[in-house]
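Could you walk me through how to read this structure? I'd like to start with how helices pack and then look at one residue.

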Amino acid sequence: MLTFESLAETADFARKWVPFCKKFSIEPRAPEFYFSQRIDYLKDKIQPSFVKERRAMKRDYEEFKVRINALVAKAQKTPEEGWTMQDGTPWPGNNTRDHPGMIQVFLGSTGAHDIEGNELPRLVYVSREKRPGYQHHKKAGAENALVRVSAVLTNAPYILNLDCDHYVNNSKAIREAMCFLMDPVVGRDVCYVQFPQRFDGIDRSDRYANRNTVFFDVNMKGLDGIQGPVYVGTGCIFNRQALYGYGPPSMPSLPKDSSSSSWFGCCSCCCPTKKKPAKDLTEVYRDAKREDLNSAIFNLHEIENYDEYERSMLISQMSFEKTFGMSSVFIESTLMENGGVPDSANPSMLIKEAIHVISCGYEEKTAWGKEIGWIYGSVTEDILTGFKMHCRGWRSIYCMPLRPAFKGSAPINLSDRLHQVLRWALGSVEIFLSRHCPLWYGFGGGRLKWLQRLAYINTIVYPFTSLPLVAYCTIPAICLLTGKFIIPTLSNLASILFLGLFLSIIVTSVLELRWSGVSIEDWWRNEQFWVIGGVSAHLFAVFQGFLKMLAGVDTNFTVTAKAADDAEFGELYVIKWTTVLIPPTTLLIVNLVGVVAGFSDALNKGYDAWGPLFGKVFFAFWVILHLYPFLKGLMGRQNRTPTIVVLWSVLLASVFSLVWVKIDPFVSNAESGAATQGCISIDC
């Protein structure tokens, strides 16, 4: 009900806001962020009426916010009898888990215009049917429902996908994406154009690497040179035909005869004199193996010239209903490569059909979520969806305009950030244990490039690196506590080779940064949080993933909180204890204790023990340095004493205390007793 009423208010405000943005080229198009900018808003604005109209628009927006806040306050207290509509009938969605499908067109081609008389873009409220006993598939199911509704009502050939906490920061970015999708040379093979994610409300130092700069500015740019970037779940413009499971038009089409495999066998056995080049035979064989990659076993170009009767017969013969569901209107829309709705379509009939395609049972015994649309089976449905498209032979494009296309909010609290990373890692483990694992899926068509396959393998195996990473972070402390060392002494050749490998990795990273323009600080933050997430969220994801996939034990996630409004970066200092924090906290304590114990051991053993000590302490400090942002998050806000001062104070106080009292924890009880018996005078 709150969403419905808010959209009604939004539709009314859009009649003023949209023409204002077009007239004065307003950026960003989100009014909250536009009016909160601390910049000279008169820059590049030469029209004398701008100041007056901007003040009036800001006043209208403040009134709009008051009405929205009143709706939110009203929604906090639900009446016992439930909400009612203006005509007195009960609101159909009072029971959020058991209600019919609802569609309301607020703005569109039926006569909604702005204050200047221009037609407004269509704004439609969609609430899919919910019934007990049905699996609704969360975000992926909602996306698929919206795809079907939009196909019935408008059927635009391209779809923009944004998360609810993102807004358009650069209105011209859509046009840049269209340059790729409508390019006459490469556009027909492009399944989507992915934009990098950019965020507001992140602390200046980006303590927990929320910007993911290395991933978006290094890895994704590198993938753009292979078969394209992976789909990250938001900030993406799709080719609708790619979502329907079709292969790209440039790929060789299947033979018209449905018995293509029999025809191939006949040619090879009965007609040995008619030989074709090996390359052609390979292509035919790969096309015959497309059934595990393509949901539809037909090609659009084979039917675009058929009349209505032939199309209806073809729909029946090719069993489109088994793929797309029992909706002739929707199936007809999938055959329109350039989109659009027939002029003869009845608007009331289209609304009824749109409600039908969002019913609970519509996807049963169809290919939705299996081969077409957003793919089910993982909490990270974005990776699966993009992977299936690349397996069919599509390629994607990475678009990085100078002004970020879209911006969103990120969880800056330590616990919320780790839970977000845990969700992503769990999705990767689920894909690893599913039939869609890149290690073995998609070989039949031969359309996924090997380097692209390696990139997808990397996206699903990275949580398993948490196991050796925990061992790596534990071994330095064990070496300090036991007096053993994990590598030979510094005088040996093996140590020089180890240091050479260590330095070569750093040099390689620096060269990547120079190529991509990423700063050293951003790279270091990424390295630090990779260790923090690896020994906490990734480790939990591995165990929870196996429990979920093998034992059926599901894991529920809380929605990650965003930045607090009461103070700048106030949420950054809030401590929310969770079990994910236990492993890195344990590693910090163990390594700090190991450093103290190592100094104590060296003091008792004499001068010769200091050389090996520095090698051991180096690795322990390397671990502590990577976990330092985590330690700052545990300590919360320090109004007077910086965290680094507290850390060094505790460490140095412990070391100097041991120097003063000369405690030796490694001396056995027998030796300690003998020393006590030998010391019988006050001058011992």
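What follows is a short dialogue on a helix pair and a loop residue.

Q: Before we start, what kind of model is this?
A: It's a predicted model, where local features need pLDDT of at least 70, side-chain atom pairs count only at pLDDT 80 or more, and totals for chains, interfaces and linings use all residues. Residues are numbered from 1 along each chain as its sequence is written, and side-chain values use heavy atoms, with hydrogens and water left out.

Q: How do I describe two packed helices?
A: Use the angle between their axes and the distance between the axes. Here, the axes of α17 (residues 466-482) and α20 (residues 537-551) come within 9 Å and cross at roughly 135 degrees. That makes α17 oblique to α20 (under 35 degrees is roughly parallel, over 145 roughly antiparallel, 65 to 115 roughly perpendicular, and the rest oblique).

Q: Which residues make the contact?
A: Contact means heavy atoms within 4.5 Å. On α17 the residues are S466, L467 and V470, and on α20 they are H538, L539 and V542.

Q: Where is A209, and is A209 buried or exposed?
A: Buried means under 20% relative accessible area, exposed over 50%, and partly exposed in between (1.4 Å probe, protein chains only). A209 lies in the loop between β6 (198-200) and α6 (213-223), and at 5% relative accessibility A209 counts as buried.

Q: What does A209 touch?
A: Leaving aside neighbours within four places in sequence, A209 is in contact with R417, R525, N526 and F529.

How values were computed: Axes fitted to C-alpha atoms, helices over the stretch in contact; angles between N-to-C directions. Helix = DSSP H or I, 4+ residues; strand = E, 2+ residues; numbered from the N terminus.
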